[in-house]
Amino acid sequence: MTQSLFGHVEPFAGDPILSLNDSFKADPRNEKVNLSIGVYTDEKGRIPVLGSVRSAYERIGFAERPYLPMDGHPGYRDGVQKLVFGAAHPALKDKRVATIQTIGGTGAVGIAADFLAKHTPGRTVLVSDPTWENHHGLFQRAGFKTTTYPYWDRARRSVDFDGMIKALEAADSGSIVVLQPVCHNPTGVDLSEEQQAAVTEVLVAKGHIAVFDMAYQGFGTSVEADAAFVRRYAARASCLVANSFSKNFSLYGERCGGLSIVCRDADEAERVLGQLKLAVRRSYSSPPMTGGLLVATVLGNDELRAQWIGEVDEMRTRMDSMRKLLAGQIRALSNEVDVSFLLNQRGMFSFTGLSEQQVRAMREKDGVYLVGSGRMCVAGLNEENVPKVARSFVDVSQG
C-alpha cells in the first residue's frame, strides 16, 4: 500500500480507570488490592449474583429472544418509572414521563445528550468539578461545550456549596446542568436536603435544564430515600433522569439502564418518547433483551422486588461497615491522620484527598490500587485487606 488513509489518526491513550484495572490484573503480587474500578464485590472479592436476579433468570427461561422495541421492554420501562419516581408521583399519574430502556447508565446519558443536542442546541453544559469524566465526553460528542461548577472543597473534604450556587446563578439562563442526586462519583459527598432545595430554586429561576444521573440508587440511604431529590424536583419542573442497574442489580455486563424525561403534559411526553425512540434507532437500534427481562421480572413481582431491596440493603450496609472499619484501623495506627471524611461520605466511592504521587506510592509499594485523583472504591474493601490498606494509607499520609 503506497498511501495510508488513516496515517493522521492519533493513538488512544486508554481510559484511565479501565487501563488501571488492566494494570491491576497484570500485577503478579498475591496480596494486591483493587480499589479503582467502580464495581461492587462481596467479602470474598467476587461480583455477587443476587438471589432475586437468579430467581428471575429461572423464570424467564430460554424462550425465543426477538428484538425489543426501540424504547425497550414495557415491563422494564414501567419498573423504571415506579422505582425512580415512586408509583404515586403526580407526573406518572398524569402520564407526563417519557421513559426508555437504555444500554446502561452511560447509554442513558448519551441518549440524553443526543436528544438535547437536537432539541435544545447551542447551550452550555455544566458538570460538577470533579465528576465522572464521561459526563464531559458524552456531551462533547453530541456537540456541546462543557464547563464545570464547583463541587468539592478540598480543604474541608466536603461540598463547596457556596461556590456551586454562585456558578449556577452566574450561568446563562437555560443552561444544561448535570447533577448526581445521590452517592456522588467520585467524592462520595452529597447535598443535604436543604442544599437540594436551594439548588432547585436556582435551577427553576434560571430556567436551567436539569439532567440527573442516578447510577447508585439504594447505595446511599435506601432505594426510596435516594430518589427523593429527583422526585421533589420532578414535582416542580421538567427534567431528565438517567438511571443504571449495573451496580444495584449487579448486572454489569448486561448493560441495563433507563432514561426518563419529565414533560409538561401527556401530549408532550408522547412526542418526546417518539424522539427518544428515533435517537435510539439512529444509535444502537434497540436495547438488549435478557437484561431487560431480568430487571422487568424482578421489579414487576412483589416478592422478588422485596428480596432485591433487601439485597441492596445488604450491599449498602457492607460498604458502610467497611468505611467504619477502615477509619478505625487508620485511627489505631495514627491519631495524626484525619479520617472523619470517610464517615461523612457514602456510596461506592470515597475521595481520600491523597495526591497522585501518594496514590502512585501506594500502588508501587503495596499493590493498593486507587484512581490517580485519589478516588477509592469502598466496595473493594473487605475484612482481610482493610489492615493492609490502612497501613498503606497511613504510610503515604505521614511520609
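**Entry 1. Helices α2 and α12**

I looked first at how helix α2 (residues 51–60) and helix α12 (residues 302–333) are placed in this predicted model. Their axes come within 8 Å and cross at roughly 150°. Angles over 145 degrees count as roughly antiparallel, and α2 and α12 are therefore roughly antiparallel to each other.

I then listed the residues that meet. From α2 I noted G51, S52, S55, A56 and R59; from α12 I noted L304, Q307, W308 and E311. By class, this contact of α2 with α12 holds three nonpolar, four polar and two charged residues.

**Entry 2. The chain as a whole**

I recorded 15 helices and 13 strands in the protein chain. The radius of gyration is 21 Å, close to the 21 Å that the globule rule gives for 399 residues, so the chain is as compact as a globular protein of that length. I also noted the box filled by the C-alpha atoms: along the principal axes it is roughly 65 × 60 × 55 Å.

**Entry 3. The cavity**

I turned to enclosed space. Rolling a probe the size of a water molecule over the atoms shows where empty space is left. How many cavities of 30 Å³ or more does a search of the whole structure find? The search finds one. I noted a volume of about 70 Å³ for the largest cavity.

The lining of the largest cavity consists of Y149, Y151, M164, L179, Q180, P181, H184, D190, L191, Q196 and F229. I sorted these lining residues by class and recorded seven nonpolar, three polar and one charged.

**Entry 4. The largest pocket**

I next examined the open spaces. The largest pocket holds about 1000 Å³ of space. Its lining comprises 37 residues, and those nearest the pocket centre are I17, W132, E133, N185 and R375.

Which elements each supply at least two residues of this lining? I noted three helices and two strands by name: α1 (16–26), α5 (104–119) and α6 (134–141), with β3 (124–129) and β11 (349–351). By class, the lining of the largest pocket has 15 nonpolar, 15 polar and seven charged residues.

**Entry 5. The second largest pocket**

I recorded about 490 Å³ of space in the second largest pocket. Of the 21 residues that line it, K32, V33, N34, G380 and N385 are the closest to its centre.

Helix α1 and strand β1 (33–34) each supply at least two residues of the lining of this pocket. Helix α1 gives the most, with three residues. I noted that α1 also supplies at least two residues of the lining of the largest pocket. The class count for the second largest pocket is six nonpolar, eight polar and seven charged residues.

**Entry 6. Backbone exceptions**

I closed with the backbone. Most residues other than glycine have a negative phi, and most peptide bonds are trans. I looked up the places that depart from this pattern.

I found a cis peptide bond joining D129 and P130, with omega about 5°. P130 lies in the loop between β3 and α6, and both of these elements supply residues of the lining of the largest pocket.

I recorded that the peptide bond from N185 to P186 is cis as well, with omega near 25°. Where does P186 lie? I placed P186 in the loop between β7 (176–179) and α8 (193–206). N185, on the other side of this cis bond, is among the residues that lie nearest the centre of the largest pocket.

Lastly, I noted K95, a residue other than glycine with a positive phi, near 55°. K95 is in the loop between α4 (90–93) and β2 (97–103).

Technical notes. Residues are numbered from 1 along each chain as its sequence is written. This is a predicted model: local features need pLDDT of at least 70, side-chain atom pairs count only at pLDDT 80 or more; totals for chains, interfaces and linings use all residues. Side-chain values use heavy atoms; hydrogens and water are left out. Axes are lines fitted to C-alpha atoms, for helices over the stretch in contact, and angles run from 0 to 180 degrees between N-to-C directions. Helices (H or I, at least four residues) and strands (E, at least two) are DSSP runs, numbered from the N terminus. Angles under 35 degrees count as roughly parallel, over 145 as roughly antiparallel, 65 to 115 as roughly perpendicular and the rest as oblique. Contact means heavy atoms within 4.5 Å. Ala, Val, Leu, Ile, Met, Phe, Trp, Tyr, Cys and Pro count as nonpolar, Asp, Glu, Lys and Arg as charged, and the others, Gly among them, as polar. On a 1 Å grid over the protein atoms alone, a cavity is a set of points where a 1.4 Å probe fits but cannot get out, and a pocket is an open set with protein on both sides within 12 Å along at least five of seven lines; lining residues have an atom within 4 Å of a point. Grid points are joined across faces, edges and corners, and a volume is the space filled by probe spheres set on the points. The radius of gyration is taken over C-alpha atoms; the globule rule is 2.2 Å times the number of residues to the power 0.38.
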